[in-house]
Amino acid sequence: DVLRLVDGIADRGAGVSANRTLQQARALFGWCVKRKIIPTNPAAGIDLPHRERPRDRTLNEGELRAAWAAFKSMCHPYGDLGRLLLLLAQRQGETASMRWDQLDLARATWTIPGAVAKTGAEHVVPLPPAAVAILEAIPRVDGDLVFPARVGGKPITGFGRVLKTVHELSGTAAWHWHDLRRSARTGMARL
């Protein structure tokens, strides 16, 4: 059953999704074994169906300028979020989950709590003046999220669709949200 599930996903051309499904199945069945719900893990010993290559795409200066212009032409929330991602070099999910109570605009800092941060440790991000200006211009709506979804009190989603729009507006292609972070890191290392 596990093989049929994972192979079916891989056969549709979604190799990375097949890998993640297998990893989640292993974790679930491992939990069940520890709790003595089942005797063995049926996902143990199954190889990942898809060989993943680490991404190494970085945007050049022209692409970064074009992406900035595209984000600037978009309305809130995605345009503001995109410009903050370019300025702050933080993770897309952590930035999309930004809360007003984590920001100290007077001191120009954003404190990402350990419960939200991928590393599990609190992280203080200095905010450059351009980031503070973007944040000060964002309207505050009900709730504490800087980038709330229209309903449900959760952060915005739909990043795949938005990225296609950014590619079209900027005339760039073949990059993902995390590539902005990698591009910033590469640029800082170069400096």
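**Group meeting: a serine, two pockets and a small sheet**

Okay, let's start with Ser 183, which sits in helix α8, the stretch covering residues 177-190. Before I go on, keep in mind that this is a predicted model.

So, is Ser 183 buried or exposed? Its relative accessibility is 5%, and because buried means under 20%, Ser 183 counts as buried. Who does Ser 183 touch, once you leave aside its neighbours within four places in sequence? The contacts are Arg 57, Thr 58, Leu 59 and Leu 64. With Leu 59 there is also a polar pairing: a polar atom of the Ser 183 side chain lies 2.7 Å from the backbone nitrogen of Leu 59.

Now keep your eye on Ser 183, as it takes us to the largest pocket. That pocket holds about 360 Å³ of space. Sixteen is the count here: 16 residues line the largest pocket, and those nearest its centre are Glu 61, Leu 64, Ser 183, Ala 184 and Gly 187. Leu 64 is a name you just heard, as one of the contacts of Ser 183.

Which helix gives the largest share of that lining? It's α8, with seven residues. Helix α3, residues 61-73, is in there too: α3 and α8 each supply at least two residues of the lining. As for chemistry, the lining of the largest pocket divides into eight nonpolar residues, five polar and three charged.

On to the second largest pocket, with a volume of about 250 Å³. Its lining includes His 76, Pro 77 and Tyr 78, and also Pro 139, Val 141, Val 146 and Pro 148. Further along the chain, Ala 149, Arg 150, Ile 156, Thr 157 and Arg 161 are part of the lining as well. By type, the lining of the second largest pocket comes out as eight nonpolar, two polar and two charged.

Two of those lining residues deserve a closer look. The peptide bond from His 76 to Pro 77 is cis, with omega near 10°. If you want to find it on screen, Pro 77 is in the loop between α3 and α4, where α4 is 78-88.

While we're around α3, have a look at Ser 73, which is in that helix. Here we have an exposed serine: Ser 73 counts as exposed because its relative accessibility is 52%, whereas Ser 183 is buried. The Ser 73 side chain reaches back to the backbone oxygen of Ala 70, at 2.8 Å. And how far apart are Ser 73 and Trp 31 in space? They're 48 Å apart, C-alpha to C-alpha, with their positions 42 residues apart in sequence.

Next, backbone oddities. Ala 89 has a positive phi of about 55°, although it is not a glycine. You'll find Ala 89 in the loop between α4 and α5, and α5 is 92-96. At 10% relative accessibility, Ala 89 counts as buried.

There's another alanine like this. Ala 108 is not a glycine either, and has a positive phi of about 60°. This one is in the loop between β1 and β2, and that hairpin has four residues between its strands.

Which brings me to the sheet. It's an open sheet of three strands in the order β1-β2-β3, with antiparallel pairing. The edges are β1 and β3, each of which pairs on one side only. Strand β1, residues 103-104, is joined to β2 by two bridges, and four bridges join β2 to β3, residues 123-126.

Thr 109 is a handy place to see both pairings. On the β1 side, Asp 104 stands opposite Thr 109, and in β3 the bridge partner of Thr 109 is Pro 126.

Last thing: which way do the side chains of β2 point? In a regular strand, side chains alternate between the two faces of the sheet. Strand β2, residues 109-112, does just that: Trp 110 and Ile 112 point to one face and are buried, while Thr 109 and Thr 111 point to the other and are not.

So, if you open the model after this, start from Ser 183 in α8, then go over to the cis bond between His 76 and Pro 77, and finish on the three strands of the sheet. That's me done, thanks.

Notes: Residues numbered from 1 in each chain as written. Predicted model: local features only at pLDDT ≥ 70, side-chain atom pairs only at ≥ 80, totals over all residues. Heavy atoms only, no water. Buried < 20%, exposed > 50% of the residue type's maximum accessible area, 1.4 Å probe, protein only. Polar contact = N/O pair within 3.5 Å; in protein donor to acceptor, adjacent residues only side chain to side chain. Contact = heavy atoms within 4.5 Å. 1 Å grid on protein atoms, 1.4 Å probe; cavity = no way out; pocket = protein on both sides within 12 Å on 5 of 7 lines; lining within 4 Å. Points joined across faces, edges and corners; volume = space filled by probe spheres on them. Nonpolar A, V, L, I, M, F, W, Y, C, P; charged D, E, K, R; others polar. Pairing = 2+ DSSP bridges.
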